[in-house]
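Hi,

Here is the structure we talked about. Please open it alongside this note, and my findings follow below.

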Amino acid sequence: MKSLTGRLRGVKAWPLALILCSPLADAQTQSADLPPAPTPNIVKFPGGVVVEQGTPGAMPLSLDDAIARGEKRNLQMLLAVQNERMVRGQVLTAENSLLPSLTAKGAIEAQQINLAAEGFKGSSLAEFPLPPGFIFNEIVEVNTASAQMSLNQQLFNVPAYYLYRSAQQASKAANFTTLNQEDAVVLSVGTQYLLALADASQITNAQALEKADEVAYEQAKASHEAGVGTNLDELRARVQLQTQQQALINDENAFAKDKIALNRLIGLPVDQEIKLTDAAPYGEFAQLPLDDAKKLAYERRKDLLSLQAQLEVAVKARKAVRAERLPVLSFDGYYGVLGEIGSLYHGVFTATGKVSVPVFEEAQLRGEREVADAQMIGLRQQIGSLRVTIEQQIRSAMLDVQSSNDLVKVAKSNVDLATQELQDATDRFSAGVDDNLPVVQAQATLAAAQSTLVNTLYQYNQSKLQLARNTGVVESQYKVYLGR
């Protein structure tokens, strides 16, 4: 397609293939009881590149703040915006081929001419009656000045018109690509924030269990020293405490790494400390019927809309190919004045009308038509396949939402039961009815139940975000889907 646009008569080369192959709220909320966020340290580099440096202290960061920052500072988002800007510039270039080109030019020229070298000599003037004392200078100097206005206009160029219409559709496709990238950023940032919240919950659970294990260890140690307990009870309690300490270290490490990943997604320096101000949300979500969700996705999915716009690009380019057989009518001319400096000036002009018709380019024209047809067919196949993929994605996301919601309910029940079991085992051990083995086992069961609850709650929220992404509304309705 690029070769097509480069050879259309009277049209400047315009890389349409770049368009066809292009990749697909500033308000921040802050809790009133939190300290104000540190002022960001911005460093500007040549070329308009802005880099934010880390600031002392922890920066409060809510989910809405993270998504808003990601939409502005995520690298992929910034590249998509620049790609759209580049396409808009190419649209202006294509439009210019349909507009008249008017240029003004002025010149001052100094010439020294050797008339003898051109064949004009004094002896050749002997037969002419010249006044007495006339001297013929074989070397003369001429200083002239000129000013002119030039006009160039395509009067009839159908391929250029269709390429301009194609460029307009390409601009629309680039805009949908940017919006699609924005949805992807919202999903990525939201998922990473929820993952960090899950890590924070795991740390809280691990710290609570570590304190409980420490109490159990001290109790077992005291019983052993008092002679009413065994060394085995003390060893079990100590192993359980150290195991829980290891789990806490792993959870803190995972939390720190996930915050670094979140910083990268939203354009913050990796050394910037952040404080998550939101809690993991939980709310029942009433799903749309499948047919309504599919209809919504077909209307709102930016990747589908981008492909449809790219198809319009190919259709208009195909029309430009067919129109190459038509004649191209253009006008070219100028008007100005020319004269010797200090003497008289006189008007000069030229006007040229030109008609060009392809005579023997059949193979070239047929080849370009084949390329355009192949692009159209390929895009139609992609659109059909994407519509099927959208339905598959929606069905899968709905199943994930339903199953993860059920898992959350079961996990909550398991935590309640494990808590009661631990309480009963602790009471029996304190009363001297049993050793601390059931306590250790109950603690492990509670830790597993709490970890499962945290993971299933994360999966539930993540699946709802994915469903919003699959229906094309994640950027505008992620709060509704998360129940916030």
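Alanine 107 faces serine 146, which sits in strand 5. The model is a predicted one, so please read everything here as computed from that prediction. A second pair joins the strands a little further on: alanine 110 has asparagine 143 of strand 5 as its bridge partner. Strand 4 covers residues 101-114, and strand 5 covers residues 139-156. The two pair in the antiparallel sense, over 14 bridges.

How many of the 14 residues of strand 4 are buried? The count is zero, and the strand is hardly covered.

**The sheet**

Strands 4 and 5 belong to an open sheet of four strands. The order is 4-5-7-8, and the pairing is antiparallel. Which are the edge strands? They are strand 4 and strand 8 (345-356), and each of them pairs on one side only. From one strand to the next, the twist averages 20 degrees.

Now walk across the sheet. Strand 5 pairs with strand 7 (residues 328-340), again antiparallel, over 12 bridges. One place to look is serine 150: its bridge partner in strand 7 is tyrosine 334. Strand 7 then pairs with strand 8 in the antiparallel sense, over 12 bridges. Here valine 337 stands opposite glycine 347 of strand 8.

Strands 7 and 8 also form a hairpin. Four residues lie between them. Look at glycine 342 in that turn: its phi is positive, at about 85 degrees.

Is strand 8 buried or in the open? Of its 12 residues, the number buried is zero, so strand 8 lies largely in the open. Strand 4, at the other edge, also has a buried count of zero.

**Helix pairs**

Two packed helices are described by the angle between their axes and the distance between the axes. Both numbers are below for each pair.

Start with helix 9 (residues 362-430) and helix 10 (residues 437-470). Their axes are 7 Å apart, and the packing angle is about 160 degrees. An angle over 145 degrees counts as roughly antiparallel, and helix 9 and helix 10 are therefore roughly antiparallel to each other. The crossing of helix 9 past helix 10 is left-handed. What kinds of residue make up this contact? There are 22 nonpolar, 14 polar and five charged residues.

The other pair is helix 3 (63-73) and helix 11 (residues 474-482). Their axes come within 12 Å and cross at roughly 160 degrees. By the cut-off of 145 degrees, helix 3 and helix 11 are therefore roughly antiparallel to each other too. In this case the crossing is right-handed.

**Single residues to check**

Serine 62 sits in the loop between strand 3 (59-61) and helix 3. Is serine 62 buried or exposed? Its relative accessible area is 2%. The cut-off for buried is under 20%, so serine 62 is buried. The side chain of serine 62 makes a polar contact of 3.0 Å with the side chain of aspartate 65.

Glycine 483 is in the segment after helix 11. Its relative accessibility is 46%, and it counts as partly exposed, because partly exposed runs between 20% and 50%. Where does the chain come back to glycine 483? Look at proline 281: the two residues are 202 apart along the chain, yet their C-alpha atoms are separated by 6.8 Å.

Glutamate 214 lies in helix 5 (residues 158-226). At 42% relative accessibility, glutamate 214 is partly exposed as well. Glutamate 214 and glutamine 244 are 30 residues apart in sequence. In space, the C-alpha to C-alpha separation of that pair is 9.6 Å.

For a quick look, I would open the sheet with its order 4-5-7-8, then the contact of helix 9 with helix 10, then serine 62 and aspartate 65.

Best wishes

Definitions and conventions:
Residues numbered from 1 in each chain as written. Predicted model: local features only at pLDDT ≥ 70, side-chain atom pairs only at ≥ 80, totals over all residues. Heavy atoms only, no water. Buried < 20%, exposed > 50% of the residue type's maximum accessible area, 1.4 Å probe, protein only. Pairing = 2+ DSSP bridges. Axes fitted to C-alpha atoms, helices over the stretch in contact; angles between N-to-C directions. Parallel < 35°, antiparallel > 145°, perpendicular 65-115°, else oblique. Left-handed = near helix turned anticlockwise from the far one by under 90°. Nonpolar A, V, L, I, M, F, W, Y, C, P; charged D, E, K, R; others polar. Polar contact = N/O pair within 3.5 Å; in protein donor to acceptor, adjacent residues only side chain to side chain.
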